[in-house]
Amino acid sequence: MTVIPYKDQTASKKDQVAQMFDNISNNYDLLNRILSGGIDIIWRKKAISYLKSERPQLMLDVATGTGDFAIEAYKKLKPKKIVGVDISTGMLSYGREKIEKLGLQDIIDLKVGDSEKLPFPDNTFDAVTVSFGVRNFENLEQGLRDIYRVLKKGGSLVVLEFSQPEAFPIKQFYSFYSAQILPRIGKTISKDTSAYTYLPESVAAFPYGQDFLQIMEKVGFVFTRDEALTFGISSIYYGKK
């Protein structure tokens, strides 16, 4: 089943996701901090640490949003270049403002791009990252296949994505928070009624854990592994080309 943000519209998931992120872009970073209690910052640092020993020099950040992951990757890894792509022009606009304030515009380049049709040649990047974006792909397998295509041989993919806690009582608390609390906070701050209802629905529909690793392996990734974070609320996935 395809989960979409605006159930009363006939536009594709890709178009609806772009519209949704344009709508909430001005409050996206604030909502991330509030809804996660700031722990999303720790998750990002942990995910980036997977690449520390590999020292990638040319990186691609897919579904880069406002550039948080790309900025953190630069701070921790100091690559020569990071390219971030996203389908939301609104998110990219805010991201460019942050990058310019940090003086990183010559190192981090944000551009409009479709995860399933990445505008880059084969075998371009040393590493590709996706932070809280793969569940928004219209075609998950195709998106991963195109990421595989643009990676150099021996390059690595690191994905950070929400998953679902399975242990009592975290599972029950998380379910209540996702269904009752999160949408209300999101609606109040973002003014978008659907965006933060879509979030828990998209998380519930996402094939996390071993199911996601199997899709990675299907498109060609090897040495795959995953790590659950914070009782399984999110997970890191890793694989090599």
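In the predicted model, strand 4 and strand 5 pair in the parallel sense, and six bridges are found between them. Strand 4 comprises residues 125-131 and strand 5 residues 151-162; within this pairing, Val 130 has Val 159 of strand 5 as its bridge partner. The chain passes from strand 4 to strand 5 by way of helix 6 (residues 140-150), and the resulting β-α-β crossover is right-handed. Strand 4 is also paired in the parallel sense with strand 1, in this case over four bridges, and here the bridge partner of Leu 60 is Val 128 of strand 4. Strand 4 is mostly covered, since six of its seven residues are buried.

Both pairings belong to an open sheet of seven strands, whose order is 3-2-1-4-5-7-6 and whose pairing is mixed. The edges are occupied by strand 3 (108-112) and strand 6 (222-229), each of which has a single partner strand, so that one side of each is left without a neighbour in the sheet. On average, and with direction ignored, neighbouring strands of this sheet are turned by 15° against each other. An antiparallel arrangement is found between strand 5 and strand 7, which are joined by seven bridges. Val 159, the partner of Val 130 in the pairing of strands 4 and 5, has Tyr 237 as its bridge partner in strand 7.

Helix 6, the connection in the crossover described above, contains Ile 147, a residue that is buried with a relative accessible area of 0%. When residues up to four places away in sequence are not counted, Ile 147 touches Val 62, Leu 118, Val 128, Val 130, Phe 137, Leu 157 and Phe 221. Among these contacts are Val 128, the bridge partner of Leu 60, and Val 130, the bridge partner of Val 159. Between Ile 147 and Pro 121 the C-alpha to C-alpha distance is 11 Å, with a separation of 26 residues in sequence.

With regard to the aromatic side chains, a search of the whole structure yields ten aromatic pairs. One of them is formed by Tyr 50 and Tyr 238, whose rings are tilted, with 6.0 Å from centre to centre and 45° between the planes. Tyr 50 is located in the loop between helix 3 (39-49) and strand 1 (58-62), whereas Tyr 238 belongs to strand 7 (residues 234-240), so the pair ties together parts that are 188 residues apart in sequence. Tyr 50 is buried, at a relative accessible area of 13%, and Tyr 238 likewise counts as buried, at 5% relative accessibility.

A stacked aromatic pair is formed by Phe 173 and Tyr 177, at 6.4 Å centre to centre and with 20° between the planes. Both residues lie in helix 7 (residues 170-190), four residues apart, which corresponds to about one turn of the helix. Phe 173 is exposed, with a relative accessible area of 55%, whereas Tyr 177 is buried, with a value of 18%. In addition, Trp 43, Phe 132 and Phe 162 form one aromatic cluster.

Two lysine residues are also placed over tyrosine rings. The charged end of Lys 78 sits over the ring of Tyr 74 at 5.1 Å from its centre, and Lys 241 lies over the face of Tyr 148, at 5.0 Å from the ring centre.

Notes: Residues numbered from 1 in each chain as written. Predicted model: local features only at pLDDT ≥ 70, side-chain atom pairs only at ≥ 80, totals over all residues. Heavy atoms only, no water. Phe/Tyr/Trp six-rings, centres within 6.5 Å; stacked < 30°, edge-to-face > 60°. Helix = DSSP H or I, 4+ residues; strand = E, 2+ residues; numbered from the N terminus. Buried < 20%, exposed > 50% of the residue type's maximum accessible area, 1.4 Å probe, protein only. Lys NZ or Arg CZ within 6 Å of the ring centre and 35° of its normal. Pairing = 2+ DSSP bridges. Axes fitted to C-alpha atoms, helices over the stretch in contact; angles between N-to-C directions. Right-handed = clockwise from strand over helix to strand, strands pointing away. Contact = heavy atoms within 4.5 Å.
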